[in-house]
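Dear colleague,

Please find below the structure that I am handing over to you. My notes on what was found in it follow directly after.

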Amino acid sequence: MSAATAPAGMPVLAPPPAEARPTDPNRTACFAVLADPDPGSLPRVLEFFAKRGLVPASVQARHFEAEECLHVDVQVRTLTRDESDYIARCLRAQPLVRQVLTSERHRALEADALSA
C-alpha cells in the first residue's frame with residue numbers, strides 16, 4: 001500500500017529529511033581517548049557519535065592491564081572541526097575519561113603524500 005492510498009486516519013510516512021549538519025568531505029577527525037578500564041567506558045565514548053547518527057570509519061580499543069587503562073581510537077570521516085571539537089569537549093567531561101587527544105587527516109594531503 002503506498003502513502004497515497006493509506007486509509008483515512010493512518011499516518012503517512014515521509015522520507016527522512018536530508019542531512020542537515022555541515023560536513024567536510026575531505027576531513028577525517030581522529031580521537032585518541034584514554035579511559036578507566038571500566039565496562040561502561042567504551043559505550044560512553046561511542047555514544048557521542050551514535051547520538052549524532054555518525055558511524056566511525058574505524059574504532060580500536062585496547063585494555064592495557066599494566067597501565068590500568070583503556071585506549072580507544074576513533075576515526076570519523078566528514079566531521080567539521082567545530083563538530084569534532086565539540087565531541088572532544090563532551091568526551092573530556094565524562095567521569096571515566098582521563099584524556100582526549102584529537103588530530104585530523106585530509107584526503108587531499110594523503111593523495112599528495114602518496115604521489116611524492
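Which residue of strand 3 does Ala 29 stand opposite? The partner of Ala 29 is Val 76 in strand 3. Please bear in mind throughout that this is a predicted model.

**Overall layout**

The protein has 116 residues, of which 26% count as buried. Its secondary structure consists of 3 helices and 4 strands, and along the sequence these follow the pattern β-α-β-β-α-β-α. Among contacts between residues at least 6 apart in sequence, 75% join residues at least 24 apart.

**The strands**

Strand 1 (residues 27-35) pairs with two other strands, as set out here.

- Strand 1 runs antiparallel to strand 3 (residues 69-77), and 8 bridges join them. Besides the pair of Ala 29 and Val 76, Leu 34 stands opposite His 71.
- Strand 1 also pairs with strand 4 in the antiparallel sense, over 9 bridges. Here Phe 31 faces Thr 102 of strand 4 as its opposite residue.

Strand 1 is mostly covered, with 8 of its 9 residues buried.

Strand 3 has a further antiparallel partner in strand 2 (residues 58-64), to which 7 bridges join it. In this pairing Ala 61 stands opposite Val 72. Strands 2 and 3 form a hairpin with 4 residues between them. In the turn of that hairpin, Glu 68 has a positive phi of about 50 degrees.

**The nonpolar core**

The largest nonpolar core contains 18 residues. Those with the most contacts inside this core are Phe 31, Val 33, Val 45, Phe 49, Ile 87 and Leu 91. At least two residues of the core come from each of strand 1, helix 1 (41-50), strand 3, helix 2 (81-92) and strand 4 (97-106).

Val 45 illustrates how these elements meet. Leaving out residues up to four places away in sequence, Val 45 touches Val 33, Val 72, Val 74, Leu 91 and Val 97.

How many aromatic pairs does a search of the whole structure find? The search finds 1. The pair is made by Phe 31 and Phe 49, with ring centres 5.2 Å apart; because their planes lie at 70 degrees, and an angle over 60 counts as edge-to-face, the pair is edge-to-face. The two residues are 18 apart in the chain, with Phe 31 in strand 1 and Phe 49 in helix 1, and the pair therefore links distant parts of the chain. Both phenylalanines, Phe 31 and Phe 49, are buried.

**Helix 1**

The buried residues of helix 1 are Ser 41, Val 45, Phe 48 and Phe 49. Why do they count as lying on the same side of helix 1? They do so because they cover an arc of only 105 degrees around the axis. As a general point, an α-helix has 3.6 residues a turn, so residues three or four places apart point the same way. The buried residues of helix 1 pack against strand 1, strand 3, helix 2 and strand 4.

**Three buried residues with polar side chains to inspect**Thr 80 lies in the loop between strand 3 and helix 2. Its relative accessibility is 18%, under the 20% cut-off, and Thr 80 therefore counts as buried. The side chain of Thr 80 reaches the backbone nitrogen of Glu 83 at 3.3 Å. Apart from neighbours within four places in sequence, Thr 80 is in contact with Pro 22, Thr 23, Asp 24 and Arg 27.

Glu 83 itself is found in helix 2. Glu 83 is buried, with a relative accessible area of 15%. With neighbours within four places in sequence set aside, Glu 83 is in contact with Arg 21, Pro 22, Arg 52 and Leu 54. Glu 83 and Arg 21 are 62 residues apart along the chain, and their C-alpha atoms are separated by 9.3 Å. Pro 22 appears among the contacts of Thr 80 and also among those of Glu 83.

Gln 94 is located in the loop between helix 2 and strand 4. Is Gln 94 buried or exposed? Gln 94 is buried, at a relative accessible area of 19%. Not counting residues up to four places away in sequence, Gln 94 touches Arg 44 and Phe 48. Of these two, Phe 48 is one of the buried residues of helix 1.

With kind regards

Key:
Residues numbered from 1 in each chain as written. Predicted model: local features only at pLDDT ≥ 70, side-chain atom pairs only at ≥ 80, totals over all residues. Heavy atoms only, no water. Pairing = 2+ DSSP bridges. Core = buried A, V, L, I, M, F, W, Y, C linked by side-chain atoms within 4.5 Å. Buried < 20%, exposed > 50% of the residue type's maximum accessible area, 1.4 Å probe, protein only. Contact = heavy atoms within 4.5 Å. Phe/Tyr/Trp six-rings, centres within 6.5 Å; stacked < 30°, edge-to-face > 60°. Polar contact = N/O pair within 3.5 Å; in protein donor to acceptor, adjacent residues only side chain to side chain. Arc of directions from axis to C-beta.
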